[in-house]
Amino acid sequence: MASKFTSKEIGRRVQTLRKQRGYSQEDVANILKIPRSSVAQLEGGKRNLSVLELLSLSDYLGFSLEAFVTHPYEQPETNLQVSEPTKEVVGIRNSHPDLRLGKTRNILLYVMERCGGKPNVGETVLYKLLYFADFNYYERYEDHLTGATYRKLSFGPVPQQIDQLLQTMEAQGLLKRIKTKYHGFPQTRYIPLRKADLTMMTAAEKEMIDQVLVQFSDWTAASLSEYSHRDMPWRATEEGDIIDYELAFYREAPFRARTYEEENPVE
């Protein structure tokens, strides 16, 4: 039975989604461009949510508007298709990715700002940079960065939802797609037309992205593809299958993003 869709109910759903995504009230305030006190009033059912504000939240928090307004509050984890928080739950991780649209859009813009002007950074390199950022972050923090799903293909791990997102960003005037050639081979490059909103990333997320860019952004597409083929998540996955994020914990040097010996010192 559907619940009554009151202001209080809307506020409870917004609060649930915010916490599940790991955002603070200040983060939501920045997204909606309203004071933090207004977010508190919204979550307490004392302030109405406009249609435009709801659209912004669905974009940044990554939920379906239809699910938000039709499904019961009692089962938001399933019906709204959002991820449970895992950082504070010892021994439990959420290995099922769920694309975080707002965050991913700004991560893409940030990567383009940092290295989109390099002649080697076309679509293939962009996808591999995103892969290492995602799996390194998951290995180190046991949580998702973009929440993208990766499939094992012949040229390495390929994110499944990012091409559609890039097309949408191009239609929105956030970037420009350029068809060119690099060393005689066809190349698709992306030029950012708007700066990334760094408030959409935590310090740890930005640090991980920066580390990956420093390490890999000068590599060619062929070199990065070959390197990704030696990473355990790709090696342990059948051709064409989705790559399980949990495989990041079986990595070997030099792919490891986490020093396990320091976390488990000998008694």
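These questions and answers look at how some features of a predicted model earn their names.

User: Why are helices α2 and α3 called roughly perpendicular?

Analyst: Look at the angle. Helix α2 (residues 25-32) and helix α3 (residues 36-43) pack at about 105°. Angles of 65 to 115 degrees count as roughly perpendicular. The value falls in that range, so α2 is roughly perpendicular to α3. Their axes are 8 Å apart.

User: What makes the contact between α2 and α3?

Analyst: Contact means heavy atoms within 4.5 Å. From α2 come Gln-25, Glu-26, Val-28 and Ala-29. From α3 come Arg-36, Val-39, Ala-40 and Glu-43. By class, that contact has four nonpolar, one polar and three charged residues.

User: Why is the aromatic pair of Tyr-137 and Tyr-141 called tilted?

Analyst: Two checks are needed. The ring centres are 4.7 Å apart, and rings pair if their centres lie within 6.5 Å. So Tyr-137 and Tyr-141 count as a pair. Next, the planes. The angle between them is 40°. Under 30 degrees would be stacked, and over 60 would be edge-to-face. The value of 40° fits neither, therefore the pair is tilted. The structure holds 14 aromatic pairs.

User: Where do Tyr-137 and Tyr-141 lie along the chain?

Analyst: Both belong to helix α8. They are four residues apart, about one turn of the helix.

User: How do you know that the largest cavity counts?

Analyst: The count takes cavities of 30 Å³ or more. The largest cavity has a volume of about 50 Å³. The count comes to one cavity.

User: What makes up the lining of the largest cavity?

Analyst: Its lining residues are Val-111, Met-112, Gly-116, Val-121, Gly-122, Leu-126 and Tyr-190. By class, five are nonpolar, two are polar and none is charged.

User: Why are two of the residues lining the largest cavity classed as polar?

Analyst: Gly counts as polar. Gly-116 and Gly-122 are in the lining, so they fall in the polar class.

User: Which helix supplies the largest share of the lining of the largest pocket?

Analyst: Helix α8 does, with five residues. The pocket has a volume of about 560 Å³. It is lined by 21 residues. Thr-124, Phe-185, Pro-186, Ala-221 and Ala-222 lie nearest its centre. At least two lining residues each come from α8 (123-141), β3 (175-182), β4 (185-192) and α11 (221-228). By class, the lining of the largest pocket has nine nonpolar, nine polar and three charged residues.

Methods
Residues numbered from 1 in each chain as written. Predicted model: local features only at pLDDT ≥ 70, side-chain atom pairs only at ≥ 80, totals over all residues. Heavy atoms only, no water. 1 Å grid on protein atoms, 1.4 Å probe; cavity = no way out; pocket = protein on both sides within 12 Å on 5 of 7 lines; lining within 4 Å. Points joined across faces, edges and corners; volume = space filled by probe spheres on them. Axes fitted to C-alpha atoms, helices over the stretch in contact; angles between N-to-C directions. Parallel < 35°, antiparallel > 145°, perpendicular 65-115°, else oblique. Phe/Tyr/Trp six-rings, centres within 6.5 Å; stacked < 30°, edge-to-face > 60°.
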